[in-house]
Amino acid sequence: MAKNGSVSPRQKRVARSRRRRKRQKNWFLKLSMGKKIAICFLGVLICLIASGVVYVSAKLNKLNTEKIPKQDIVVNDLADYVGEGFTNFALLGSDSRAAGDDNGTRTDCIIVASLNNKTREVKMVSVYRDTILDLSEGTLNKCNGAYSQGGAKQAIDMLNMNLDLEIEDYVTVDFAAISDVIDLLGGVEIEVNEVELPYLNQFLGETAQVAGKKANPVTKSGLQTLDGVQATTYARIRSTKGGDFKRAERQRYVIEKMVEKALRADLATINKIIDTVLPKIKTSLSATEILNYAKSFNKYTLGDNIGFPTDKTTDTLPGLGSIVIPVTLEDNVTQLHEFLYGEEGYEPSSKVKSISRKIERKVGERVADPETQWESPSDKKMNGNVVKPEQNMEAQPQIQLN
């Protein structure tokens, strides 16, 4: 007890503690108005970021993810420099007639998308679905059968084994999902020529039925905005001169137009696409990987695109039907690596050379057919060389969409 009105050391400590607490409680009130606003804004921003992470993660949980163990993927014995600085993906279009169910179905579309990790340029290579390749363990058949036999895993193995690639990830969609994306983007601008018009309209109904949408006939040729069902059907036609080669080119053409539209889309549109389409996609990519790629989406650019094989011919063989024959597989893989990576004079692996010899023994020695080389629709538009019906009708094969 302090005497003569003096303050004890304990009382001094209590008083100092109270003054500190008072100062701490009032620190915000002492700030200038500008600093108060800045701190409030920062707090709101932190809350938005935190809620945004939860929001995006919730959306990505809708993905149908199917991880493929990296150690189980087939990769040829390649030099370390092959494909260094690039990431390749398999984009697979399911030929399913039942939306969301692709079990046992072939791939209507096989595209290798190659991302230059430094420049962010993406090149696309359409592998013609009827190309004779090694599906697995020496089985030579049409390459689109790999997916029906062993799903995405076997399709990736087939691409790696025949093309000397190191693909680890894939995305599979059916044409109902593609139709949804195009509609949500407000359609895509496509140059439809007069020869394509009747085939496009003939199969609109089938695409519309699978997509669960209305079929709106295309009434004229020329550059126009096609809706989802129309553009998807356009991308699947192979009834004009060029057959499956033309179809692969149309597929790349439609994808180009979709990407152009997506890069200009607002956040609300992208949000609708995520909600609608993610549940219809199968992929090996994790939510984290997708988010990492999505961060740089507006920095990506689409580069050149080609079909594979470049030098080829066609034939109909017993047990195989109509096939595309690479002339030769070894030479075409050399050209492929020059296109993708700029590797001049690339020497394919011993595995590719072995498959190339097997194909040659199966089909005999062949010469590339110049009639199988076709311009893409976008090239034709730029060159002003749109095919006229009278130039093409004599060469029309039986109508095919599948």
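**Exercise 1. Decide how the stretch of residues 374-402 should be read in this predicted model.**

Solution. Across residues 374-402 the pLDDT remains under 50, although the model has 63 contacts for them beyond four places in sequence. Where pLDDT is low, the predicted coordinates should not be read in detail. As a next step, set this against the whole protein, which averages a pLDDT of 80, with 74% of the residues scoring at least 70. Residues 47-54 also have a pLDDT below 50, and that stretch has 0 contacts in the model beyond near neighbours in sequence. Confidence is lowest in helix H14 (residues 389-392), with a mean of 35, and highest in strand S5 (residues 132-134), at 97.

**Exercise 2. Work out which parts of the chain the salt bridge of Asp-169 and Lys-70 ties together, and classify the burial of each partner.**

Solution. Begin with the geometry: the closest N and O atoms of Asp-169 and Lys-70 are 3.2 Å apart. Asp-169 belongs to strand S7 (residues 169-174) and Lys-70 to the loop between strands S1 (64-65) and S2 (86-94), so the pair ties together parts 99 residues apart in sequence. Because buried means under 20% relative accessible area, Asp-169 is buried at 9%, whereas Lys-70, at 34%, is partly exposed.

**Exercise 3. Repeat the analysis for Arg-250 and Glu-196.**

Solution. The closest N and O atoms of this salt bridge are 2.9 Å apart. Arg-250 lies in helix H8 (residues 243-264) and Glu-196 in helix H5 (residues 196-202), 54 residues apart, and the pair links these distant parts of the chain. Finally, both Arg-250 and Glu-196 are buried.

How values were computed. Residues are numbered from 1 along each chain as its sequence is written. This is a predicted model: local features need pLDDT of at least 70, side-chain atom pairs count only at pLDDT 80 or more; totals for chains, interfaces and linings use all residues. Side-chain values use heavy atoms; hydrogens and water are left out. pLDDT is the predictor's confidence in each residue, from 0 to 100. Helices (H or I, at least four residues) and strands (E, at least two) are DSSP runs, numbered from the N terminus. Contact means heavy atoms within 4.5 Å. A salt bridge is a side-chain nitrogen of Lys or Arg within 4 Å of a carboxyl oxygen of Asp or Glu. Buried means under 20% relative accessible area, exposed over 50%, partly exposed in between (1.4 Å probe, protein chains only).
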